[in-house]
Amino acid sequence: TATTQAFESAIAELEGGHAAIVFPSGLAACTHAILAVARSGDHVLMSDSVYGPTRQFAQRVLRRLGIEVEFFDPLVGGAIRQLLRATTRLVYLESPGSLTFEVQDVAAIAAEAHRRGAFVILDNTWATPLFFRPFEHGVDISIQAATKYIVGHSDALLGVATANRRAWDLLRDG
């Protein structure tokens with residue numbers, strides 16, 4: 001709808017991304033973005049402090065699909081290079097971490113991931129685009145559980161994923 005398109009456009013602009021897609025929930029945005037990028041045989045690095053249901057999705061569904069998931073210390077910074085493999089397709093971050101609130105060095109992690117050709121997804125729900133503009137720090141896809149700050153928390157379920165030009169086709173065609 002025109003309203004949906006206007007919302008997607010506004011979020012993409014706020015986040016500094018190329019374009020955005022709305023989802024029925026924040027978790028739907030997270031899972032869609034992950035599945036849009038990762039394939040069977042891939043290795044996914046995921047911050048140990050991600051949202052609980054995202055972690056469960058990774059442990060249950062991604063592993064069942066043949067996607068290897070490895071959780072890492074959210075404060076690893078540039079040392080993430082030691083965890084990256086030839087098969088690492090995706091590094092998934094949440095900063096600040098869900099419930100633990102560690103602030104990750106997104107730029108350093110993204111730089112190392114991109115050196116290996118991996119994509120970086122960030123759950124930016126806690127920081128919001130008002131406090132952290134993810135694309136300025138190397139993120140390829142940013143997710144908002146719009147249920148939280150954007151719609152006033154608990155009034156509605158809504159999620160949105162915004163991509164840069166590099167990841168847009170993957171996200172859109174997911």
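**Exercise 1. Identify the bridge partner of I21 in β7, and place this bridge in the pairing of the strands around β7.**

Solution.
Step 1. In this predicted model, I21 has A161 as its bridge partner in β7.
Step 2. The strands concerned are β1 (residues 19–23) and β7, which pair in the antiparallel sense over five bridges.
Step 3. Strand β7 also pairs with β6 (residues 141–144): four bridges join them, and the two run antiparallel. Within this pairing, A163 in β7 stands opposite I141.

**Exercise 2. Determine how many residues of strand β7 are buried, and which way each of them points.**

Solution.
Step 1. Strand β7 covers residues 159–163, and five of its five residues are buried, so that the strand is mostly covered under the 20% limit for burial.
Step 2. G159, A161 and A163 point one way from β7, while V160 and T162 point the other way.
Step 3. Residues on both sides are buried.

**Exercise 3. Classify the geometry of the aromatic pair in the model, locate its two members and state their exposure.**

Solution.
Step 1. A pair of aromatic rings is described by two quantities, the distance of the centres and the angle of the planes.
Step 2. The count comes to one aromatic pair. Its members are F101 and W126, with 4.9 Å centre to centre and 70° between the planes.
Step 3. The pair is edge-to-face, because planes over 60 degrees apart fall in that class.
Step 4. F101 lies in the loop between β4 (88–94) and α4 (106–115), and W126 in the loop between β5 (119–123) and α5 (128–131). The two residues are 25 residues apart, and the pair links distant parts of the chain.
Step 5. With a relative accessible area of 41%, F101 is partly exposed. W126, at 30%, is partly exposed as well.

**Exercise 4. Find which arginine lies over the face of F71 and which over the face of F119, with the distances.**

Solution.
Step 1. For F71, the residue over the face is R55, at 3.9 Å from the ring centre.
Step 2. For F119, the residue over the face is R166, at 3.8 Å from the ring centre.

**Exercise 5. Decide whether T128 is buried or exposed, and list what T128 touches beyond four places in sequence.**

Solution.
Step 1. T128 has its place in helix α5.
Step 2. The relative accessibility of T128 is 8%, and T128 therefore counts as buried.
Step 3. Leaving aside residues up to four places away in sequence, T128 touches Q144 and Y149.

Note on methods. Residues are numbered from 1 along each chain as its sequence is written. This is a predicted model: local features need pLDDT of at least 70, side-chain atom pairs count only at pLDDT 80 or more; totals for chains, interfaces and linings use all residues. Side-chain values use heavy atoms; hydrogens and water are left out. Rings of Phe, Tyr and Trp (its six-membered ring) pair if their centres lie within 6.5 Å; planes under 30 degrees apart count as stacked, over 60 as edge-to-face and the rest as tilted. Buried means under 20% relative accessible area, exposed over 50%, partly exposed in between (1.4 Å probe, protein chains only). A charge sits over a ring if NZ of Lys or CZ of Arg is within 6 Å of the ring centre and within 35 degrees of the ring normal. Two strands pair if DSSP finds at least two bridges between them. Contact means heavy atoms within 4.5 Å.
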